[in-house]
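Dear colleague,

Please find below the structure that I am handing over to you. My account of what was found in it follows directly after.

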Amino acid sequence: MKPVIALVGRPNVGKSTLFNRLTGTRDAIVADFAGLTRDRHYGNGRAGSREFIVIDTGGFEPDAGEGSIYREMAKQTRQAVAESDVVIFVVDARAGLSAQDHEIANYLRRLGKPTLLVANKAEGMTQGLQLVEFFELGLGEVFPVSGAHGQGIRSMLDKALDML
Ligand code: GDP
Ligand code: MG
C-alpha cells in the first residue's frame, strides 16, 4: 500500500495548488484508489522512488454551524484525515495565523496523527522570521513552501514521508 497524505487547512491557503503541484495534474483524479472513498480528490504523487497518494480537501472550519456548507466540508476533511497516514497542515505565510488555524491545530494535535506544518505562499521570504508566529500552533517546526512557484516541495515531501 502506498502511504496516504492528506492536505488540510482553512480555505484559500493553497491546498489545491499544492495538490496540483504534487500530482502534476490540474484536476483531481477520482477513480481507482481501492479502499478509499470516491467523493474526495485523490491523486498519485512521487518523490524520487517513493510513491504516495495525496488527498485534497475542501477546507476545514471545525465549528461550522448546522446546515452550513462548511459543515459538510469539515466532515469530508475528518474522513480524509482518518484515511491518511500523515497530514500536511497548510497555513498561509502571507496572511499569518488565524483563529481557524488554531482550531484546526487543536483538532490535529488531539488526533495524534503525524502532522507536518507547512506555510504556503512563502516565495520570496528570506529566513523564517515571518514564520515564527506559527510555532504558537504547538506543532513544531514550520516548513516554508510555495505551491505556486514550486519552492520547498521536495523537502516538504521528504519530511512528510519520513514521519511515517
Ligand atoms: P485552497 O482553497 O486551500 O485549495 O487554495 P487554492 O489552491 O485554491 O489557492 C487559493 C489562492 O491562493 C489562489 O488565488 C492561488 O493562486 C493562491 N496561491 C496558492 N498557492 C500560492 C503560493 O504558493 N503563493 C502565492 N502567492 N499564492 C498562492
Ligand atoms: Mg481547494
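The buried residues of helix 2 pack against strand 1 (4-8), strand 3 (50-56), strand 4 (86-92) and helix 3 (99-111). Please bear in mind throughout that the model is predicted. The residues in question are Ala74, Thr77, Ala80 and Val81. They lie on the same side of helix 2, because the arc that they cover around the axis is only 120°. The face turned away from this buried side carries Glu72 and Ala82, both of which are exposed. Helix 2 itself takes in residues 69-83, 15 residues in number, and its first and last C-alpha atoms are 22 Å apart, close to the 21 Å expected at 1.5 Å a residue.

Helix 4 may be described in a similar manner. This element covers residues 153-162, and its buried residues are Met156, Leu157 and Ala160. Their arc around the axis is only 95°, so they sit on the same side of helix 4. On the other side of helix 4, the exposed residues are Arg154, Asp158 and Asp162. The cover over the buried residues of helix 4 includes strand 1, strand 2 (41-47), strand 4, strand 5 (115-120) and strand 6 (142-144).

Strand 1 is named among the partners of both helices, and I therefore turn to it next, since five of its five residues are buried and the strand is largely enclosed by the rest of the structure. Val4, Ala6 and Val8 point one way from strand 1, whereas Ile5 and Leu7 point the other way; all are buried. Which strands pair with strand 1 in the parallel sense? One is strand 3, over three bridges, and another is strand 4, over four bridges. Ala6 takes part on both sides: this residue stands opposite Ile55 in strand 3 and opposite Val87 in strand 4. In addition, Ile5 stands opposite Val54 in strand 3.

Strand 3 is mostly covered, with five of its seven residues buried. The pairing of strand 3 with strand 2 is antiparallel and extends over seven bridges. Within this pairing, Arg46 stands opposite Glu51 in strand 3. Two residues lie between the strands of this hairpin, and Gly48 takes a positive phi near 60° there.

Ala47 belongs to strand 2. Is Ala47 buried or partly exposed? Ala47 has 16 other C-beta atoms within 10 Å. A residue needs 20 or more such atoms to count as buried, and 12 or fewer to count as exposed. Ala47 is therefore partly exposed. Setting aside residues up to four places away in sequence, Ala47 touches Arg154, Leu157, Asp158 and Leu161. Of these, Leu157 is one of the buried residues of helix 4, while Arg154 and Asp158 are among the exposed residues on its other side. Between Ala47 and Ala95, the separation is 48 residues in sequence and 29 Å in space, C-alpha to C-alpha.

As regards the ligand, 16 residues surround ligand 1, and those that come nearest are Gly14, Lys15, Ser16, Thr17 and Ala148. Which element gives the most to the shell around ligand 1? That element is helix 1 (residues 15-23), with three residues. By class, the shell holds ten polar, three nonpolar and three charged residues.

Finally, I set out the overall arrangement of the protein chain. The secondary structure comes to four helices and six strands, in the order β-α-β-β-α-β-α-β-β-α from the N terminus on. The protein chain has 164 residues, of which 36% count as buried. Where contacts join residues at least 6 apart in sequence, 67% of them are between residues at least 24 apart.

With kind regards

Definitions and conventions
Residues numbered from 1 in each chain as written. Chains lettered and ligands numbered in written order. Predicted model: local features only at pLDDT ≥ 70, side-chain atom pairs only at ≥ 80, totals over all residues. Contact = placed C-beta atoms within 7 Å. Near = placed C-beta within 6 Å. Nonpolar A, V, L, I, M, F, W, Y, C, P; charged D, E, K, R; others polar. Expected span 1.5 Å × (residues − 1). Arc of directions from axis to C-beta. Pairing = 2+ DSSP bridges.
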